[in-house]
Amino acid sequence: MSNTLYDRLGGQEAIAAVVDRFYDRVVADERVAHYFDDVDMQRQQAHQTQFLSAVAGGPVDYTGADMAAAHDGLEITKPDFDAIVTHLESTLKEFEIDPDDRNGVLAAVGEYEDAIVTATA
């Protein structure tokens, strides 16, 4: 039996629930909500679920744009990236994800910081 981070998170359905709650937090945050003003949130949540499932070792291939292309032109700053990561961490805590697994998710997302952060504060 596999014991990937994906499995420990509860699989795609559980990850989708985390992503839904995560975006509730993000769009309620005036510091970062503007990045999602013209975004199809249903599609965004599906892509994010797919992305997190893939980086967590699940049997899912991420088919969205690469991170640099997906975030090109958004002018995301380091403080904004950090705010979004904080929302992800808070959401993982809310879902009572084991601290080691939380750190695994955050580390996986953190590997993409250079592709996402394109502006200075």
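Let me begin with a term. A helix here is a DSSP run of H or I with at least four residues, and helices are numbered from the N terminus. With that in hand, we can place G64: this glycine lies in the loop between helix 3 and helix 4. One caution before we go on. This is a predicted model.

Stay with G64 for a moment. What does G64 touch, leaving aside its neighbours within four places in sequence? Two residues: H47 and Q50. Now take E30, which is 34 residues from G64 along the chain. The C-alpha atoms of G64 and E30 are separated by 26 Å.

Next, helix 2. It runs over residues 11–27. Does its length fit? How far should its 17 residues span at 1.5 Å a residue? The expected span is 24 Å, and the end C-alpha atoms are 24 Å apart, so the two agree.

Which residues of helix 2 are buried? They are G11, I15, V18, V19, F22, Y23 and V26. These buried residues cover an arc of only 135 degrees around the axis, which puts them on the same side of helix 2. Look at the spacing in that list while you keep one rule in mind. An α-helix has 3.6 residues a turn, so residues three or four places apart point the same way. And what do the buried residues of helix 2 pack against? Helix 1 (5–9), helix 3 (41–55) and helix 5 (78–94).

On to helix 3. Its 15 residues should span 21 Å at 1.5 Å a residue, and the end C-alpha atoms are 21 Å apart, which agrees. The buried residues here are Q45, Q48, T49, Q50, F51, L52 and S53. Helix 1, helix 2, helix 4 and helix 6 are among the elements that cover them.

Pick out Q45, which lies in helix 3. Is Q45 buried or exposed? The cut-off for buried is under 20% relative accessible area. Q45 has 18% relative accessibility, so it counts as buried. Its contacts, leaving aside neighbours within four places in sequence, are V19, D20 and Y23. V19 and Y23 were on our list of buried residues in helix 2.

Now helix 6. It has twelve residues. From first C-alpha to last, helix 6 reaches 16 Å, close to the 16 Å expected at 1.5 Å a residue. Its buried residues are D101, R102, V105, L106, A108 and V109. They cover an arc of only 160 degrees around the axis, which puts them on the same side of helix 6. They pack against helix 1, helix 3, helix 5 and helix 7 (113–116).

Let's put the helices together. The largest nonpolar core has 29 residues. Which of them touch the most other members? L9, L52, L88, L92 and V105. Helix 1, helix 2, helix 3, helix 5 and helix 6 (99–110) each give two or more residues to this core. The largest share, six residues, comes from helix 2. Zoom in on V105. Not counting residues up to four places away in sequence, V105 touches L5, L9, L52, L88 and L92.

What about empty space? Rolling a probe the size of a water molecule over the atoms shows where empty space is left. The count comes to one cavity of 30 Å³ or more. About 70 Å³ of space lies in the largest cavity. L9, I15, V18, L52, A56, L92, I97 and V105 line this cavity.

Then there is the largest pocket, with about 690 Å³ of space. It is lined by 26 residues. Which lie nearest its centre? Y23, F36, Q44, Q48 and H71. Helix 2, helix 3, helix 4 (67–71) and helix 5 each give two or more residues to the lining. The largest share, five residues, comes from helix 3.

Last stop: two loop residues. E75 sits in the loop between helix 4 and helix 5. Its phi is positive, about 55 degrees, although E75 is not a glycine. At 45% relative accessibility, E75 counts as partly exposed. E96 sits in the loop between helix 5 and helix 6. E96 also has a positive phi, about 60 degrees, and is not a glycine. Buried or exposed? E96 is exposed, with a relative accessible area of 71%.

Notes
Residues are numbered from 1 along each chain as its sequence is written. This is a predicted model: local features need pLDDT of at least 70, side-chain atom pairs count only at pLDDT 80 or more; totals for chains, interfaces and linings use all residues. Side-chain values use heavy atoms; hydrogens and water are left out. The expected span of a helix is 1.5 Å times one less than its number of residues. Buried means under 20% relative accessible area, exposed over 50%, partly exposed in between (1.4 Å probe, protein chains only). The arc is that of the directions from the helix axis to the C-beta atoms. Contact means heavy atoms within 4.5 Å. A nonpolar core is a set of buried Ala, Val, Leu, Ile, Met, Phe, Trp, Tyr and Cys residues joined through side-chain atoms within 4.5 Å. On a 1 Å grid over the protein atoms alone, a cavity is a set of points where a 1.4 Å probe fits but cannot get out, and a pocket is an open set with protein on both sides within 12 Å along at least five of seven lines; lining residues have an atom within 4 Å of a point. Grid points are joined across faces, edges and corners, and a volume is the space filled by probe spheres set on the points.
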